[in-house]
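User: I should like to go through the reasoning behind some of the terms applied to this structure. Please set each value against its definition.

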Amino acid sequence: MKLTYRLLALTTVLTCLLGASSGQPKEGVQYKRLAHPVAGVDARQVVELFWYDCPHSYAFEKPLEEWAARQTPAVKVVRIPAVWTDEPDMVAYARLFYTLDRLGIAEQEAIPVFQAVRDRHQRLTTEASVVRWAAREGLDVTAVRTAYKSKEVADAVEKAPALRERYQVDEEPTVVVGGRVHTSPSQAGSSAEIISVVNYLYRKAGH
């Protein structure tokens with residue numbers, strides 16, 4: 001019996017070592033295929049679904065930005081706010097994202113928003129709170145207020161839940177590559193390790 005346990009233990013160790021040495025993410029473990037591929041997207045499209053009040057999304061933001069910038073050519077990550085209609089805060093933060101996106105500053109203001117929400121515990125879920133934050137950031141307050149109340153932003157927020165469902169995402173952050181495969185910190189192991197998985201999926205999609 002002891003010999004059997006030792007053999008099993010040795011097999012487990014060897015399997016782990018072989019997996020580590022290969023360094024190649026495994027389908028069904030570090031990443032999975034979408035049940036229904038998203039039609040009409042580029043094979044190397046990189047989509048991130050996130051939430052401003054999610055600590056894992058915050059931890060993942062800068063590594064993802066840095067990875068995208070290192071690629072040749074640089075990768076334009078499509079960011080989609082994760083929204084469930086029964087979560088008012090998610091709806092509110094989607095409005096903030098689409099407001100900044102309409103002004104063309106969503107990417108540059110991503111870290112400042114995360115810092116305000118996660119580090120300073122500010123709830124940027126109303127027009128008034130967003131305008132106050134924008135003023136402190138030195139943004140054009142009139143432009144922010146106008147965009148926040150615009151029909152275009154309202155329409156984008158309304159479509160956000162269906163967009164999340166289209167990419168079949170049930171946690172954040174999640175990265176979907178080519179509309180076919182997805183990974184997340186819970187699958188990859190951590191917010192840091194997910195970058196190596198994203199890199200693998202991105203390169204694999206190019207072949």
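Analyst: Contact means heavy atoms within 4.5 Å. In this predicted model, leucine 100 touches Tyr52, Ile105, Ala106, Glu109, Val113, Trp133 and Leu139, residues up to four places away in sequence not being counted.

User: To which nonpolar core does Leu100 belong, and which residues have the most contacts inside it?

Analyst: Leu100 belongs to the largest nonpolar core, which has 36 residues; Tyr52, Leu100 and Leu124 have the most contacts inside it. Among the elements giving two or more residues to this core are strand S2 and helix H3. H3 gives the most, with seven residues.

User: Why is the pair of arginine 79 and glutamate 48 called a salt bridge?

Analyst: The closest N and O atoms of arginine 79 and glutamate 48 are 3.2 Å apart; the limit is 4 Å, so the pair qualifies. Arginine 79 lies in strand S3 and glutamate 48 in strand S2, so the salt bridge ties together parts 31 residues apart in sequence.

User: What makes arginine 79 and glutamate 48 buried or exposed?

Analyst: Buried means under 20% relative accessible area. Arginine 79 has 14% and is therefore buried; glutamate 48, at 0%, is buried as well.

User: How do you know that Glu48, Glu61 and Arg79 are linked in a network?

Analyst: Arginine 79 also forms a salt bridge with glutamate 61, with the closest N and O atoms 3.1 Å apart. Glutamate 61 lies in helix H2, 18 residues from arginine 79. Salt bridges thus link Glu48, Glu61 and Arg79 in a network.

How values were computed. Residues numbered from 1 in each chain as written. Predicted model: local features only at pLDDT ≥ 70, side-chain atom pairs only at ≥ 80, totals over all residues. Heavy atoms only, no water. Core = buried A, V, L, I, M, F, W, Y, C linked by side-chain atoms within 4.5 Å. Buried < 20%, exposed > 50% of the residue type's maximum accessible area, 1.4 Å probe, protein only. Helix = DSSP H or I, 4+ residues; strand = E, 2+ residues; numbered from the N terminus. Salt bridge = Lys/Arg side-chain N within 4 Å of Asp/Glu carboxyl O.
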